[in-house]
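Open the model in your viewer and keep the selection panel at hand. The stops below go from the sheet to the helices and end at the metal site.

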Amino acid sequence: MSENLDPGYTGEGMYRENIIDHYKNPHNKGSIEDADAQFTENNATCGDVITVQLKVKDGIVKDIKFQGRGCAISQAAMSMLTGEIKGKSLEKAKSVKRGDIVGMFGIEIGPVRTKCATLGMVAVKNAIKEFELKKVSVKEGVK
Ligand code: ZN
């Protein structure tokens, strides 16, 4: 059962190092001044917070930036995810699953850490959801 492996306790040093590297030097950290979408997601169990901002054009994620604090897993996962999503379609960004995050990590994430690892993913999906809702209401002339 690889499900029980936790990056904090496995001997898979290479992957663990990669996670710590992303945590220490996060990719796409910062803010977008004229963002089209923004969402903040909290993980109360661990105290992780992630705010994601998106710049969208023609259904493509032109830019993605995040700010956050919390454990290494949550911040590293978001750093990796932003690299994965940038330049891709909204459809692609919406289709990211827990398994994709695990794939990026290269090691299985224990159940306790799953919320940490998927926090950024949930924030991205909610940001896109709000963006699409906003777009519909603009089209229909609703303020
Ligand atoms: Zn966490």
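**Stop 1: the sheet**

Select Glu-41 and look across to strand 2, where Ile-50 stands opposite. Keep in mind throughout that this is a predicted model.

Now widen the selection to strand 1 (37–43) and strand 2 (residues 48–57). These two run antiparallel and are joined by seven bridges. Another pair to display is Ala-37 with its bridge partner in strand 2, Leu-54. The connection between strand 1 and strand 2 is a hairpin with four residues between the strands. Pick Gly-47 in that turn and check its phi, which is positive at about 85°.

Add strand 3 (residues 60–69), which pairs with strand 2 in the antiparallel sense over nine bridges. Gln-53 has Lys-65 of strand 3 as its bridge partner. Here too the strands form a hairpin, with two residues between strand 2 and strand 3. Asp-58 sits in this turn and has a positive phi of about 50°.

With the three strands shown together, the sheet is open, ordered 1-2-3 and paired antiparallel. Which strands stand at the edges? They are strand 1 and strand 3; each has a single partner strand, so one side of each lacks a neighbour in the sheet. On average, neighbouring strands are turned by 20° against each other, with direction ignored. For colouring side chains by face, a general rule helps: in a regular strand they alternate between the two faces of the sheet.

**Stop 2: helices on the sheet**

Select helix 2 (72–85). Helix 2 lies across strand 2 and strand 3, and its direction is at about 170° to that of strand 3. Next select helix 5 (residues 111–139). Helix 5 packs on the sheet and touches strand 1, strand 2 and strand 3. The direction of helix 5 makes about 150° with that of strand 1.

**Stop 3: helix 4 and its two partners**

Show helix 4 (residues 98–105) together with helix 5. They pack at an angle of about 105°, with axes 10 Å apart. An angle of 65 to 115 degrees counts as roughly perpendicular, and helix 4 and helix 5 are therefore described that way. To see the contact, display Arg-98, Ile-101 and Phe-105 from helix 4 with Thr-114, Ala-117, Thr-118 and Met-121 from helix 5. By class, the contact residues are four nonpolar, two polar and one charged.

Then swap helix 5 for helix 2. Helix 2 and helix 4 pack at about 100°, and their axes are 10 Å apart. This pair is therefore roughly perpendicular as well. From helix 2, display Ile-73, Ala-76, Ala-77, Met-80, Leu-81 and Glu-84; they meet Ile-101, Met-104 and Phe-105 of helix 4. This contact contains eight nonpolar residues, no polar ones and one charged.

**Stop 4: the zinc ion**

Finally, centre the view on the zinc ion. Which atoms coordinate it? The donors are SG of Cys-46, OD of Asp-48, SG of Cys-71 and SG of Cys-116, at 2.1 to 2.3 Å. Angles among the four donor atoms are 100 to 119°, and the site is tetrahedral. Along the chain the donors follow the spacing C-x1-D-x22-C-x44-C. Two of these donor residues link distant parts of the chain: Cys-71 is in the loop between strand 3 and helix 2, while Cys-116 is in helix 5, 45 residues apart.

Methods
Residues are numbered from 1 along each chain as its sequence is written. This is a predicted model: local features need pLDDT of at least 70, side-chain atom pairs count only at pLDDT 80 or more; totals for chains, interfaces and linings use all residues. Side-chain values use heavy atoms; hydrogens and water are left out. Two strands pair if DSSP finds at least two bridges between them. Axes are lines fitted to C-alpha atoms, for helices over the stretch in contact, and angles run from 0 to 180 degrees between N-to-C directions. Angles under 35 degrees count as roughly parallel, over 145 as roughly antiparallel, 65 to 115 as roughly perpendicular and the rest as oblique. Contact means heavy atoms within 4.5 Å. Ala, Val, Leu, Ile, Met, Phe, Trp, Tyr, Cys and Pro count as nonpolar, Asp, Glu, Lys and Arg as charged, and the others, Gly among them, as polar. Donors are N, O and S atoms within 2.8 Å of the metal (3.2 Å for Na, K and Ca); water is not among the atoms, so sites may look incomplete. Four donors count as tetrahedral if all angles lie between 85 and 135 degrees; four count as square planar and six as octahedral if opposite donors are over 155 degrees apart and all others between 65 and 115; anything else is irregular.
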